[in-house]
Structure formats: C-alpha cells, structure tokens
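Q: I have a new model open and I'd like to learn how to read it. Can we go through it together, starting with the ligand?

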Amino acid sequence: MLNQANHVLKSVFGFEQFRASQQAIISNVLSQQNTLAIMPTGGGKSLCYQIPGIVFDGLTLVISPLISLMHDQVRQLNELAVPVCMLNSSLSSEDYQHNVKAIEQQHVKLLFLAPETVLQNSTLDLLSRVHVACIAIDEAHCISEWGHDFRPEYRQLNQLLERFPSAVCIALTATATPRVREDIKRQLHIADSSEYIASFDRPNLYIEVLPKDNPYQQAKTFIDQHPEQSGIIYCQSRSGVDELTTKLQHDGYSVLPYHAGLNNVKRSDYQERFIRDDVHIIVATIAFGMGINKPDVRYVLHYDLPKNIEGYYQQIGRAGRDGLDADCLLLFGYGDTGKVRFFIEQMSNEQEKRLANMQLNQMLALAETEECRRLPLLQYFGETELAEKCYKCDNCNNQNQEKSDLTVPAQKFLSCVYRTGERFGASHIIDVLRGSNAEKVLQNQHNLLSTYNIGNEFTKKQWMALSRQMIQKGLLRQDEQFGGLKLSQQAGEILKGRAPFFAMLQQAEMQIHSSGKTFAKPGDAGLMQILKAERKLLADAANLPPYAVFADRTLNEMAYFLPHSEQNLLRIHGVGQGKLAKYGEHFLRLIADYCQQHSLQEVSNEQPATSVSKAKSSQTSSSAKSIEIAKAFEAGQDISSLAQQLKVKPSTVIHHLYCYVQEGHKLSPAGQILEQSQLSDTQLAKVLAAFTEHGTQRLKPVYDGLKEQISYDQLHLLRIYYLNTKAKN
Ligand code: ADP
Ligand code: ZN
C-alpha cells in the first residue's frame, strides 16, 4: 500500500518525496492503526489523510472546525481531479442534496464535515449506507478541555468511532501540550506507539528582530523588499491596525485591514481578496489567520511585540507554507514591553499574572538573545537536540561573519545621501545606488546623479543591513517624522577618507538561505510574469485562488526548465495528472511561444528538481583528468599551454578546472585566472557580486545581471576564481 501512496504522491499531487514524518504517519494509517500526528502549521498535515483517503476503498471523513478551511481544501482537491465534497451549513439545499447523492452513489473519496454536521442523525444514516474507511480529525486539540480551543462538539466524536468501528482514525494538530496529547489519545483510542511528533522547526523561515526605532519606515523598507508578494503585518490593537492601514494605503500600498471590530462581511471579503492576490498586504490583529491556508505568504511582520512565543510562532508559521523561503521580522521596542507589562499589572488573578509574566519573559529572551533565535523558539516547544546555529536567523548570520573594511561602499552610500539632499530613506538611496528605474528615482532625476548605478556589488538586502549598521554607529540619523536619512559629523570623516568603516557584510540571499531543501534557482523572469498573469486569469475565471491553479514553485520551475512536452511538464513539482489534463496544453503553449521568441532551449530535468544541484555536481565530479589538470595549473602552466599539450580546446581545460573547484578544492595560486580575464578591479568586483547574487549554476542570469557587458568566456574563467575564493583548502 505504501507503494500506492508513493504513486499517488507523484501522479496526483506532483510531489517528489514525502516530507519528514509524512511517510511514517501515512504508513501507520494504511496499516489500520489509529494515529496521532503533531506537526507545525505548514508541515504538511493534509497529505497525511488525503493520501490514505485516496488509497483506501471507501469513504474518508474529514472533520474540520472551520468552513473556510474545508472550502479551501475542497477546491484544491477538485483542481487535482480528486472527487471530494463537503456537507455543512454554508451550502444551499440544492448543493447539499447534490452532494448527498454523490456520496450515496459512492462517487466521493473524501467528505469534509463540521463536527456538528457529522453527528446529526440524517448524516449518520447516510454514512451507514456507505463504507466508511477512515476518519480524519483535523485540529484535534479542540477535543480537549485542557486545550486553548476546546469545542464541545468535538467531545462527541468518539461516538463516531464507536459507530464505525472498522474505520481507522487519524487525529491531527499543530498545537498540543503533553496533557492535551494524552487526552486526544485516550478519547480516540490511539496507542502511544502511534503518536508522531514532527519537529517544530520551519527551516525555510528567516527570523530577524530589529530595534524598533522608526517603525513605519522600517515596515515600508521591509515591504519594499518583497514587491508584489503577499505579506501579513500584525499589530497589537485594532486602532493600531486602522492607523497603519491608512498610512500604507496613503503611500500607495495594496493593503487592507482585518480585526474583530470589522463586520463579518468585510472580514471575509478582505480575507478572500488577500487569498486571491487582489490585495498584497493584510494589516491585522491576531484575529487574522486561523481560517486561511494561503501557502504563498512570503513575509510576516510583527509591528508590535507579541505577548508570548506560542502566538509569535503561530503567526510567523503562516508564512512560507509552501516550503519556499519566507521572511519574518519582529520590530522590538522597549516601549512595547512596558505596555505589555502594564497590561499584566492590571490582571487581578495572581496565577494568570505569573503566567503572563513568564510568557513575556520567554518572548523577551527570544527578542534579546545574541544566540541563534531558533534556540529559545524550539526549546519552548520542548525540543532539545538543537544545532547551535541555524544560519537562517539574523544572529547566526552576523556571528557568521567577520567585520570587513567597507569604507568604499560606505562612502558611496553616504555620498548618495548627500547628493539626494538628505531627504530620503534607505530604500530610495539604495534604488539610486543600484541604478533602479523606479518612478521616484526618475521623477527626482536621481538617475542623473554621479552616484546613480554605482552600487551593484551588493544586493538590496545587503545595502539595507549596511545602512542599519551606519545608523547604529551614528554615521546617519533618521528623521523622526519623515524617515529621511541625514549625515552626522562622523560621516564627513568617512567621506573625506579620514576614517575607515568596518562592518559586517550580510551574505547574499542565495548563500544565507541554504536549507538545501527547496529549489532555489530563479526561472526566467519574463516568462514568470507571463505565467503568473495567466494563472491569475484562469483562477479568476474559475473563481479560485491563484495558488489552487499552480503554486509559485511550480511556475518557477516551469520558467527554469522550460518543458516542451507533457512528459517533461509532469516532472515539474506540483504537476500531477489532474493539473496536466486541465492546464497542461495551455501552459506548454505559453512556454513554447516564449522560448521561440527568446531563442531559449528546454533545460534537462531528468532528476527530480529537488536534487538538481546534486545531479549537476556528480556530473561534474572531479575526475582523475580534472585533478591532473588542476595540479599542472598549480605548478604554473597556463591554460593555453595546457590545452596545446593535451590537444584539447582551452574551454575544456577551463571546464576541468571548474569541476575541480566546484567540488570544493582550492587552486593556488589562482592569480593567473585574473590575468587572463583582463578585467579592471571595478569590473571584477561587479562580476563577483553578480555571482554572489545569482549563484554559479547558470551563467545566463549573471550575464544578464551584468547587462551583457562581460563575455561568457570571461564569466567561465571568473566563475572558477569566484568558487576558488569560497573553497576551504
Ligand atoms: P498544514 O495543514 O500542516 O498546515 P498543509 O497540509 O497545508 O500544511 O501543507 C502545506 C503546504 O505544503 C501545501 O502547499 C502542500 O501542498 C505542501 N506540501 C505538503 N507535503 C508536501 C510534500 N511532500 N512535497 C511538497 N509539498 C508538500
Ligand atoms: Zn539561527
């Protein structure tokens, strides 16, 4: 049966592998053992009952407390051509009857129900006429009075198990203390050996905390780093939400508010618009998030301090459910701590007060730690075997780096602040430095300045980090009211070259986010835009959220591998038979047209996408030949004489050297490579920065990033030099 599950994973969902714990859980359920699965939000719980539901003969009941979540699952499964439906009070009586009939005729594999619906006599009657193979109970913590979200209807679900004794039960939750877990197991007859607790770590979330010194500017900067992407901003109070929403709307951002003070119609309308990508940002109180399952939220910003780690974790967990990288930023101000303390002081119950204080202190420990942020976070969830560093939080990245002499970049930045009149924030200064064509740059004619387009050696994020360090060191002051940066006297010293500037350079994105699990190579940007626009059109026409048509990762892989046949389209993550039948032809045509217009070739995707880099490196693993050539090179022979001697083209020699350094070996000396490339120091710096930004797997993005000014021959050489600087020994 496990083989069947693997087959369904690929053919229906288009996924390559099970995630950690999914396989064990599914195999336990398939062997008819009642099972408890505890996994973080975004961990992939749904698959744990969807796959058994598809594999089993008969019907699988899925009990879920929230209609919006049911609805979301039903539409996603329908898109995958899995026959599913739901029964709840939101349906018209016609639809209800239609679904009942489909169930009676055994056309349905998974049936989604609210707990109160399933316990109604009419439903039980209906179910007694079909074969119920499996009962999945989502948000299973609702069953326990000890939980934070107890629901009395859940308490009666054990009657359901008695009624269908041959059905296997799987209970799932993202939050459960040991006491709640015991309670769930006892009520649903789950053996201790059938309890699976996945790690609560979400390695794709980058966690950062910044001192809250100018929150509105900081928020805008953070949002600007994620243009056109979905994000959630959490505020403590309703008035805070309203105020921030108004300001952002005024500044032209696509944003809507969400809090319990808005009426139901507005709340669900705003939520739906966010899910459908009609609006990019939701500013919300903690009331937002329970009922949504949007997988492609790319960032979560905490504008105020959360009251406890549990809440913080739940809220950041709403980012990056699709497993792709997402950013979480907490703005941490001592004023906020004071507010929370004041609030706690008002509590009359001593025990509650103590608890709240303890929770606040745990939260502060996370905000103030100089160690890896994941330590306090995961320790809170009782995980003990933790790595010292995660490399995916601000602290790990800072410690990771030595301070280096950044006097020249600092001078560029400061002089750009000066030339733009000390009126603009960091984001705009960086746009000017990086030669952006943003409207604000052009309107102010900042494209005519001598500091325009001289800062491409760093990514926007790196410049941001640098600017923060300059603020911290007192070189720049931020205008309280407008957020513009102004120079201090100290800045003058650096500008005149009388003082050096040492700071920590943040590693570029590609290197920081090295969890290695996700497919990180960017697809062709032009094609990506076309595919996204098409997805939105199709989604709107079918009244679906765009992610239900195809996930971002799917489009990205299409734009990278450029599949030309159905067979190759099926190799793309998230494309199974259902999606192929529905959208295959359509997307293949778009890809083919684009490739023709831009003379692009399909990229081979023989290996599963997740192991592309592995496949590449084994293909290029240093053979005896590469080693021999590397040794001769190290002994002082140059590339052309080696080529002559071995009767091969110089490019073959270069290829062997590339294989050698790509394996992590170091060539020394490597100066020869630089001589041969004949680039000036400035050009060289630009090329190296471009490799840092775009990676070394493919040269095209680097070539494009350098505005086609450096030839591919030179790039082949400099890639060796670049990789060599990263090699250990
Ligand atoms: P949860 O219910 O635990 O919050 P979901 O079941 O919604 O999480 O899964 C989160 C996301 O991860 C979904 O977009 C889902 O398609 C994706 N996903 C789950 N399992 C896998 C897998 N094995 N491979 C790739 N993607 C997966
Ligand atoms: Zn860390």
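**Reading the ligand site and the fold**

A: Happy to. An oxygen atom of ligand 1 sits 3.3 Å from a polar backbone atom of Arg321. Keep in mind that this is a predicted model.

Q: How much of ligand 1 does the protein bury?

A: You start from the ligand on its own, then see what the protein covers. Alone, ligand 1 exposes 560 Å², and 83% of that is buried by the protein.

Q: Which other backbone atoms should I look at around ligand 1?

A: Try Gln17 and Gly42. A backbone N or O atom of Gln17 is 2.8 Å from a nitrogen atom of ligand 1. At Gly42, a polar backbone atom lies 2.6 Å from an oxygen atom of the ligand.

Q: How many residues surround ligand 1, and which are the closest?

A: Here you count every residue with a heavy atom within 4 Å of the ligand. That gives 17 residues, with Gln17, Gln22, Gly42, Lys45 and Ser46 the closest. Sorted by class, the shell holds five nonpolar, nine polar and three charged residues.

Q: Which element gives the largest share of that shell?

A: Helix 3, residues 45-55, which supplies three residues.

Q: Let's zoom out. How many helices and strands are there in the protein chain?

A: You'll find 37 helices and 17 strands in the chain.

Q: What does the radius of gyration say about the protein chain?

A: The trick is to set it against what a compact globule of that length would give. For 729 residues that would be near 27 Å, and the protein chain has 28 Å, so the two agree. For the outline, the C-alpha atoms fill a box of roughly 85 × 70 × 45 Å along the principal axes.

Q: What share of the residues is buried, and how big is the accessible surface?

A: Buried residues are 55% of the 729 in the chain. The accessible surface comes to about 33,100 Å², with 49% of it belonging to carbon and sulfur atoms.

Q: What do the contacts say about sequence separation?

A: Take the contacts between residues at least 6 apart in sequence: 72% of them join residues at least 24 apart.

Q: Can we finish with one residue? Is Arg298 buried or exposed?

A: The call rests on relative accessible area, where under 20% means buried. Arg298 is at 8%, so it is buried. Arg298 lies in strand 12, residues 297-302.

Q: Which residues is Arg298 in contact with, leaving aside neighbours within four places in sequence?

A: Several aspartates are on the list: Asp322, Asp325, Asp327 and Asp552. Arg298 is also in contact with His226, Gln229, Ser230, Gly320, Leu324 and Ala326.

Key. Residues are numbered from 1 along each chain as its sequence is written. Chains are lettered from A and ligands numbered from 1 in the order in which they are written. This is a predicted model: local features need pLDDT of at least 70, side-chain atom pairs count only at pLDDT 80 or more; totals for chains, interfaces and linings use all residues. Side-chain values use heavy atoms; hydrogens and water are left out. A polar contact is a pair of N or O atoms within 3.5 Å; within protein, one must be able to donate a hydrogen and the other to accept it, and residues adjacent in sequence count only if both atoms are side-chain atoms. Accessible areas come from the Shrake-Rupley method with a 1.4 Å probe; for residues, only the protein chains shown count as cover. Helices (H or I, at least four residues) and strands (E, at least two) are DSSP runs, numbered from the N terminus. Ala, Val, Leu, Ile, Met, Phe, Trp, Tyr, Cys and Pro count as nonpolar, Asp, Glu, Lys and Arg as charged, and the others, Gly among them, as polar. The radius of gyration is taken over C-alpha atoms; the globule rule is 2.2 Å times the number of residues to the power 0.38. Buried means under 20% relative accessible area, exposed over 50%, partly exposed in between (1.4 Å probe, protein chains only). Contact means heavy atoms within 4.5 Å.
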